[in-house]
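Biologist: Got a minute to walk me through this one? I'd like to know what I'm looking at.

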Amino acid sequence: MTTTRRDFIKASALLSAATAGALSPIAAVRAFAQSSTLALINGCKETPTLITIFLRGGADPINTIIPYSDKFYSRLRPTIALSHSEDPKTSILPISQHFAFHPAAKPLAQLYNQKLLAPILCVGSKHPTRSHFDAQDFMERAAPGIKTIHEGWLNRFLELTKTSSDHPLRALCMQPILPRTLRGQYPVIAVPDYNATQSIKTFEELYTCDEGLQISKNNSQTSLDSDAINNRNKIIKAGSLAIDRIQSLNKLLQNYNPNIPYPNTNLGNQLKDLAAVIKRDQHLQIASIDYNGWDHHTYQGSTQGVFTNMLTNLSSSIYSFVSDLGPHINNTVILVMSEFGRTVKENGNNGTDHGHGGYMFAIGGPISGKQILGKWTGLDRRNLYQSRDLPVYTDFRDVFSSVLQNLFNFDTDKHNFFPEYDADPSILKLFKRTT
Amino acid sequence: MFNQIRYYLCTFVALLTATTLHADLTIGQLSQQDQINYHILSRMTFGPTPQALSSIQKLGAEQWIKNQLNPSQISTANIDTRCKIDFPSLYMPLTDAIRTYNPPYTKASNSPKDQKRRNRLRSEIQSELRNFVIFRAANSERQFEEVILNFWRNHFAIDQTKDNVAFYAPDFENTLRTHAFGRFDQLLLATAKHPAMLFYLDNHISQKPLSPREEKQVAAAERRNAPKAKSLRALERQRGLNENYARELMELHTLGVDNGYTQQDVTDLARALTGWTAAWSTKRAQADPKAVYNFHFNTKVHDSKPKYVLGSRLTGSTRVTEGSNIILKLAHHPNTARFISFKLCQYLVDDQPPEGLVTEIASVFTQSKGNLKKVYKAILFSDDFLRADHYRSKFRTPFEFTIASLRATNASISRYDSLIYAMNSMGQNLYRCPDPTGYYDFAEAWLDPGVMIYRWQFAENLANNRIKGVRTSPIKPNQLANYIDTQTATQILMLKLKPDLSSANYTALILGSPDFQSQ
């Protein structure tokens with residue numbers, strides 16, 4: 001127990017409520033100002049960018065950031081625990097006396113050592129649900145237990161901060177379906193996962209010709225009030241907006257040669273496209289990506305298997321993206337999250353069941369990397385939530401609030417952004433401190 | 001009653017003919033009565049077709065509506081045989097379906113081979129249900145039944161991918177079908193007692209909470225960290241109350257969100273429903289060949305202390321009727337009448353249904369004690385149903401758009417996966433709504449700009465027979481008026497309808513046109 005406690009003190013930014021070096025709002029603003037000045041000097045874009053990656057299904061924290069010195073680790077996971085080994089491919093990668101990365105996360109360990117990455121432990125929703133849909137929903141709307149909020153947290157941010165001159169590629173989703181994080185009033189376009197050129201060619205005239213709108217206009221003058229006409233205009237507008245956005249996007253993506261190869265996976269390709277948009281257009285502010293399939297109830301595996309493959313994909317895709325961005329990483333943040341963690345103890349099927357506390361990765365130039373954030377109290381069941389799961393010590397809204405405040409200078413308090421919650425962005429020293 | 005609405009019909013027609021037709025237009029056009037018929041069909045079917053139009057012409061609108069309100073009088077023999085062959089799980093009693101698709105576990109059940117077989121069976125029963133829904137929506141002569149089913153399926157949304165809901169969901173669909181033209185209270189009670197709903201909203205694990213003394217016992221044993229007595233382990237397993245279903249029962253199924261109930265009502269309703277479960281789908285239950293999977297009341301976990309919901313103490317001759325009584329009370333609550341009426345009017349009339357109409361329908365609901373057929377009829381024969389400004393005012397959901405496209409192209413379907421995939425791309429995952437609220441029933445929820453591209457792509461692929469397992473026929477130019485407005489859209493469309501356009505691409509343009517996106 002003493003080791004874990006010492007570990008916690010050493011590794012965690014949350015020393016205690018009293019001594020936590022709270023970043024005052026002014027300092028935060030200064031940090032923001034400085035980081036963007038720095039950025040400009042280094043040839044970095046002006047607009048800060050946030051990219052969220054949602055690992056759907058409840059990604060396992062314990063086999064990702066492995067508490068290898070905890071005696072309970074291998075005891076509770078007899079078939080899926082990892083350890084030191086001669087073979088570098090299967091050996092854990094220690095980043096402190098107590099934590100190690102899974103070998104599949106080697107690229108992330110590199111980012112960690114470059115001070116570009118910080119894992120956040122025991123983070124999640126205080127709401128006890130172990131239901132995927134509720135937990136994802138709560139996190140994406142950033143409103144646990146509140147079902148009257150229907151819009152995603154990043155859409156709410158976009159809507160609250162929109163201006164009349166918003167850049168058309170301010171927010172993007174490079175996958176066919178908008179994640180709930182991005183759903184809401186603000187029009188974010190979900191980009192089809194296939195080449196839309198042919199469809200656009202076929203329908204362009206129908207949706208963009210002036211005559212079409214002209215007819216609608218004439219009609220609305222002659223009829224008293226016709227929802228049909230309004231409805232049709234909305235449809236035509238949506239179609240022409242899609243054509244416009246996708247055409248400009250296609251131009252940006254044309255002949256893009258990344259600095260470094262990406263894994264040829266859905267995630268890799270999405271990140272590659274986003275890198276192209278960031279480097280060539282430089283106005284992207286918000287993007288979100290879904291990565292499905294982290295619900296490993298059976299045959300999760302230790303050094304091999306589906307979990308390892310997915311972690312490899314996640315790690316190398318992110319690594320390529322960060323390297324590809326070059327100086328633009330200086331004001332870009334990638335936030336990796338999942339709806340909850342998994343049981344500390346493995347189940348009867350060499351897998352793990354739905355748990356409570358999860359993990360996040362905060363990655364990017366502004367992030368105060370090479371430190372493990374969040375309170376940690378070890379795997380002793382007396383310290384576990386309901387004797388089985390990692391507890392939630394850090395509310396995910398504190399992380400969201402910190403990102404919005406430090407990256408975009410957006411005060412979540414002022415906007416009552418998280419209903420029924422007072423987010424404390426200073427609770428983690430997530431961002432680099434500049435005084 | 002029909003005479004009353006003649007006035008509105010006239011206004012309606014006047015509006016439709018406000019713009020004159022292009023002189024060169026040689027395509028077919030609809031008579032005034034047909035335009036009215038067209039509107040009726042666009043709301044009471046999944047898209048007008050020449051056949052449907054001739055049927056309503058033959059019978060007259062009034063009779064046609066009345067027939068559709070009595071679906072059991074309309075024969076579906078032409079599709080039933082095929083349904084029974086293609087979707088067998090929909091024609092099995094619940095227990096048989098589970099035995100067939102989730103067979104009892106044996107010692108061999110953990111082998112990878114058996115796991116594979118189980119996975120295949122699970123995906124089979126999931127597909128059968130979704131395919132069944134698509135097939136009947138596209139082909140049933142009882143179109144209004146399918147349209148109304150689409151409403152209740154969404155109102156009582158369940159997700160077939162959660163836990164073992166997959167095996168119960170076909171029977172749930174049949175339960176909705178049984179009651180959709182009956183009484184709302186019976187419909188509600190049937191869903192409340194259905195294992196699919198109990199599993200989906202976690203009521204099956206909701207148990208009476210531990211008493212303070214029991215809680216202390218458990219906590220003390222935790223601290224000792226030693227092997228525990230059987231009784232203590234049983235206590236530990238007793239996880240306590242799960243409010244999920246009780247909350248949704250009031251919020252989504254009856255009263256409406258925050259509409260006349262408190263957190264205390266939710267908690268006490270949840271306590272009243274403790275013990276409402278179904279035979280477990282655990283391995284042990286699975287291995288028991290006598291296990292029954294229907295509704296089951298587990299007295300052991302029922303909380304028998306007094307409860308108060310909506311201001312009065314719950315009563316019942318048995319512990320189960322205590323629960324069913326309060327469910328019936330909720331079904332007959334005035335807020336429920338209004339909430340259900342609003343949703344039905346929103347579905348059948350307009351995204352923002354007229355206040356007066358909702359009030360009128362709510363009173364029909366109350367006076368008829370929730371007789372759903374009377375409620376539908378009151379909406380369909382209301383002054384507002386045919387009001388001109390409701391013409392084409394509803395944006396088609398992905399499901400409605402897909403089915404309408406299939407009907408317009410007279411599609412024959414042998415595989416459904418690409419259709420399901422397409423609907424999912426447009427934002428609607430059939431029987432897998434991620435949220436118990438169901439999908440929203442207004443245009444804003446569906447009109448993401450990016451989604452238009454998917455609709456166009458689907459239109460092109462469908463018309464060009466590029467969708468695996470779906471064969472379509474092109475729309476004939478003289479039938480154009482069945483699908484889009486001759487007065488407006490065609491003028492734009494004419495720009496594109498060049499002589500060298502293939503009939504498939506001509507069809508694609510119609511399906512992807514702005515007009516075809518609405519009904």
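Modeller: Here is a quick chat about the sheet, the core and a couple of odd backbone angles.

Modeller: First, this is a predicted model, where local features need pLDDT of at least 70, side-chain atom pairs count only at pLDDT 80 or more, and totals for chains, interfaces and linings use all residues. Residues are numbered from 1 along each chain as its sequence is written, and chains are lettered from A and ligands numbered from 1 in the order in which they are written.

Biologist: Okay, what's the strand order in the open sheet of chain A?

Modeller: The order is S7-S6-S8-S1-S9-S10-S5-S11, 8 strands with mixed pairing. S7 (189-190) and S11 (394-395) of chain A are the edge strands, each pairing on one side only. Strands here are DSSP runs of E, at least two residues, and helices are runs of H or I, at least four residues, numbered from the N terminus. Two strands pair if DSSP finds at least two bridges between them.

Biologist: How does S8 of chain A pair with S1?

Modeller: In the parallel sense, over 6 bridges, with S1 covering residues 49-55. A:Phe54 has A:Asp290 in S8(A) as its bridge partner. S6 (residues 171-173) of chain A also pairs with S8 (residues 286-291) in the parallel sense, over 2 bridges, and there A:Ala171 stands opposite A:Ile286.

Biologist: And is S8(A) buried or exposed?

Modeller: 6 of its 6 residues are buried, so S8(A) is largely enclosed by the rest of the structure. Buried means 20 or more other C-beta atoms within 10 Å of a residue's own, exposed means 12 or fewer, and partly exposed is in between, with C-beta atoms placed from the backbone. A:Ile286, A:Ser288 and A:Asp290 point one way, while A:Ala287, A:Ile289 and A:Tyr291 point the other way.

Biologist: Switching topic: which residues touch the most other members of the largest nonpolar core?

Modeller: A:Leu172, A:Ile363 and B:Ile379, out of 251 residues. Such a core is a set of buried Ala, Val, Leu, Ile, Met, Phe, Trp, Tyr and Cys residues joined through C-beta atoms within 7 Å.

Biologist: What about those odd angles?

Modeller: A:Asn255 isn't a glycine, yet its phi is near 50 degrees, a positive value. Most residues other than glycine have a negative phi. A:Asn255 lies in the loop between H9 (227-253) and H10 (266-280) of chain A, and is exposed, with 5 other C-beta atoms within 10 Å.

Biologist: Where does A:Asn409 lie?

Modeller: In the segment after helix H12 (396-408) of chain A. A:Asn409 has a positive phi of about 55 degrees and counts as partly exposed, with 16 C-beta neighbours inside 10 Å.
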